[in-house]
Amino acid sequence: MSDDKPIIEMREIQKHFGSVIALAGVSVNVYPGECHCLLGDNGAGKSTFIKTMSGVHKPTSGEIYFEGQPLNFADPRDAIDAGIATVHQHLAMIPLMSVSRNFFMGKEPTKKVFGLSLFDHDHANDVTMSEMKEMGINLRGPDQAVGTLSGGERQTVAIARAVYFGAKVLILDEPTSALGVRQTANVLATIDKVRKQGIGVVFITHNVRHAMAVGDRFTVLNRGQTLGTAKRGEITPEELQDMMAGGQDLAQLEGSLGGTV
């Protein structure tokens with residue numbers, strides 16, 4: 001970690017949907033230049049937590065601090081403006097559109113031509129090629145359709161875009177869940193590059209091996225509660241898996257199956 005002060009602090013966050021308690025007092029700090037992995041099985045509260053962090057949900061109670069200042073997001077745009085970017089598992093990209101047009105979607109650079117504001121293809125293409133090369137992806141050209149890229153490469157486009165537009169905290173929602181081994185390796189390498197730029201990364205995953213490959217700290221959620229947070233070197237992959245799976249319940253299942261789960 002490059003700083004001893006967290007860039008974002010989520011303090012005792014609770015989120016209720018009527019009588020359903022989705023989060024029951026979850027606290028997580030994210031530091032500049034670290035990858036903080038948030039782990040848990042389906043229904044653990046990961047999605048609700050990141051939606052609260054990114055301004056989609058307002059917490060029922062608890063506090064959010066960003067760079068030491070209290071925040072109360074009105075909507076996701078407030079979070080984006082503050083420097084909190086989310087790359088979702090299902091990317092909002094147009095497959096038949098070029099990489100450069102997807103890269104600048106919603107933030108199109110323009111230039112004046114005969115008094116008209118037109119899309120600045122040259123600037124967009126130069127930036128896209130440079131940023132993708134920085135992330136280790138060599139495109140055939142900026143006009144290459146996004147749909148021709150692998151899943152890992154499309155994830156990298158989304159990450160590079162967020163970084164280029166000023167993200168200070170990058171939330172990655174299960175970025176490796178549907179990828180093969182090589183594509184997963186590319187995404188994990190991209191996370192490492194982003195972390196080294198001083199950006200705080202929140203890596204949401206249920207895959208312990210992927211988390212251990214890049215994580216600096218690990219927080220496990222279960223049914224809306226924090227089971228614990230550990231730094232790299234303080235916990236083994238087996239212990240982390242055991243926390244996620246419920247420990248004693250997993251041991252009983254292994255016994256009944258007569259093997260290792």
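How many helices and strands does the secondary structure of this chain come to? The count is 9 helices and 12 strands. Before I go on, please keep in mind that this is a predicted model.

So, the chain as a whole. The radius of gyration is 20 Å, and the globule rule gives 18 Å for 261 residues; those values are close, so the chain is as compact as a globular protein of that length. If you lay the C-alpha trace along its principal axes, you get a span of about 70 × 40 × 35 Å. As for burial, 46% of the 261 residues count as buried. Then there's the question of who touches whom: among contacts with a separation of 6 or more, 65% are between residues 24 or more positions apart.

On the outside, the chain exposes about 13200 Å², and carbon and sulfur atoms supply 49% of that. For those of you thinking about charge, there are 25 positive and 29 negative side chains, and the centres of the two sets lie 5 Å apart.

Okay, let's look at helix 5, residues 151-164. Is this helix mostly covered or mostly uncovered? Mostly covered: 10 of its 14 residues are buried. The buried set starts with Gly-151 and Gly-152, then picks up Gln-155, Thr-156, Val-157, Ala-158, Ile-159 and Ala-160, and ends with Ala-162 and Val-163. And what do those buried residues pack against? You've got two strands there, strand 6 (84-87) and strand 9 (169-173), plus helix 3 (99-103), helix 4 (121-134) and helix 6 (181-196). From first C-alpha to last, helix 5 reaches 20 Å, close to the 20 Å expected at 1.5 Å a residue. Just after helix 5 comes Gly-166, with a positive phi of about 95°.

Helix 4 is one of those packing partners, so let's turn to it. Its 14 residues should span 20 Å at 1.5 Å a residue, and the end C-alpha atoms are indeed 20 Å apart, so the two agree. The buried residues in helix 4 are Ala-124, Asn-125, Val-127, Thr-128 and Met-132. Their cover includes helix 3, strand 8 (116-119) and, coming back to where we just were, helix 5. Just after helix 4 there is a glycine with a positive phi as well: Gly-136, at about 90°.

Hold on to Gly-136, because Lys-193 brings us back there: leaving aside neighbours within four places in sequence, Lys-193 is in contact with Glu-134, Met-135 and Gly-136. Lys-193 itself is found in helix 6. With 30% relative accessibility, Lys-193 counts as partly exposed. To give you a sense of distance, Lys-193 and Ser-61 are 35 Å apart, C-alpha to C-alpha, with their positions 132 residues apart in sequence.

Another lysine, Lys-5, sits in the segment before strand 1 (8-17). Buried or exposed? Lys-5 is exposed, at a relative accessible area of 59%. Leaving out neighbours within four places, its contacts are Tyr-31 and Pro-32. Lys-5 and Gln-241 are 236 residues apart along the chain, and their C-alpha atoms are separated by 29 Å.

Now a couple of backbone oddities. Most residues other than glycine have a negative phi. Glu-12 isn't a glycine, yet it has a positive phi of about 50°. Glu-12 is found in strand 1, and it's partly exposed, at 48% relative accessible area. Then there's Glu-67, again not a glycine and again with a positive phi of about 50°. Glu-67 is in the loop between strand 4 (61-66) and strand 5 (69-71). With a relative accessible area of 45%, Glu-67 is partly exposed.

Last stop, and one for the cysteine people: Cys-37, in strand 3 (residues 35-39). How much relative accessible area does Cys-37 have? The value is 0%, so Cys-37 is buried. Not counting residues up to four places away in sequence, Cys-37 touches Phe-203, Ala-211, Gly-215, Arg-217, Phe-218 and Thr-219. Ile-204 is 167 residues from Cys-37 along the chain, but their C-alpha atoms are separated by 5.9 Å.

That's my tour; happy to bring any of these residues up on the screen.

Key: Residues numbered from 1 in each chain as written. Predicted model: local features only at pLDDT ≥ 70, side-chain atom pairs only at ≥ 80, totals over all residues. Heavy atoms only, no water. Helix = DSSP H or I, 4+ residues; strand = E, 2+ residues; numbered from the N terminus. Expected span 1.5 Å × (residues − 1). Buried < 20%, exposed > 50% of the residue type's maximum accessible area, 1.4 Å probe, protein only. Contact = heavy atoms within 4.5 Å. Rg over C-alpha atoms; globule rule 2.2 N^0.38 Å. Areas by Shrake-Rupley, 256 points an atom, 1.4 Å probe, with all protein chains shown as cover. Lys, Arg positive; Asp, Glu negative; His and termini not counted. Charge placed at Lys NZ, Arg CZ, Asp CG, Glu CD.
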